[in-house]
Amino acid sequence: MLAQGAEYALGLEPLRSVDGFAATTTGSVGSDPAYYCLMLVDVAPGQSLLAQYGNNSHDYAGMNHQLACDKAQQLASDMLTTLRTIKQR
């Protein structure tokens, strides 16, 4: 988790929701946005979870920014599920 909220990336793309948490997506300097997506999920005041998807080899047929962000969103959802499982132990 990051020691800052997702708000620092707000305004770049429309907000998403990951398991009830607000999330925003962005690119990364030097990455091709058609093959890369970074998602920040606002999990608590001043804290965010970071999930990213990148197809650096550009070998995924039909890859685009939307699909990369969908894959990052699925990863973020899986990460939240894992965190909830760990917390219940």
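In this predicted model, methionine 39 touches residues from several stretches of the sequence: not counting residues up to four places away, its contacts are Arg16, Val18, Ala23, Thr24, Thr25, Leu49, Leu50, Ala51, Cys69, Ala72, Gln73 and Ala76. Met39 is also listed, together with Val18, Val41, Leu49, Ala76 and Leu80, among the residues with the most contacts inside the largest nonpolar core, a set of 15 residues. The elements that give two or more residues to this core are β3, β4 and α1 (65–88), and of these α1 gives the most, with 5 residues.

Strand β3, which spans residues 36–44, is mostly covered, since 7 of its 9 residues are buried. The strand has two antiparallel pairings, with β2 (residues 21–26) and with β4 (residues 47–54), and the table sets these out with one facing pair of residues for each.

| Pairing | Sense | Bridges | A facing pair |
|---|---|---|---|
| β2 with β3 | antiparallel | 4 bridges | threonine 26 (β2) opposite leucine 38 (β3) |
| β3 with β4 | antiparallel | 8 bridges | tyrosine 36 (β3) opposite glycine 54 (β4) |

How many residues lie between β3 and β4 in the hairpin that they form? There are 2 residues between these strands, and in the turn glycine 46 has a positive phi of about 75°.

Taken together, β3 is a mostly covered strand that is joined to β2 by 4 bridges and to β4 by 8 bridges, while β3, β4 and α1 each give two or more residues to the largest nonpolar core.

Key. Residues numbered from 1 in each chain as written. Predicted model: local features only at pLDDT ≥ 70, side-chain atom pairs only at ≥ 80, totals over all residues. Heavy atoms only, no water. Buried < 20%, exposed > 50% of the residue type's maximum accessible area, 1.4 Å probe, protein only. Pairing = 2+ DSSP bridges. Core = buried A, V, L, I, M, F, W, Y, C linked by side-chain atoms within 4.5 Å. Contact = heavy atoms within 4.5 Å.
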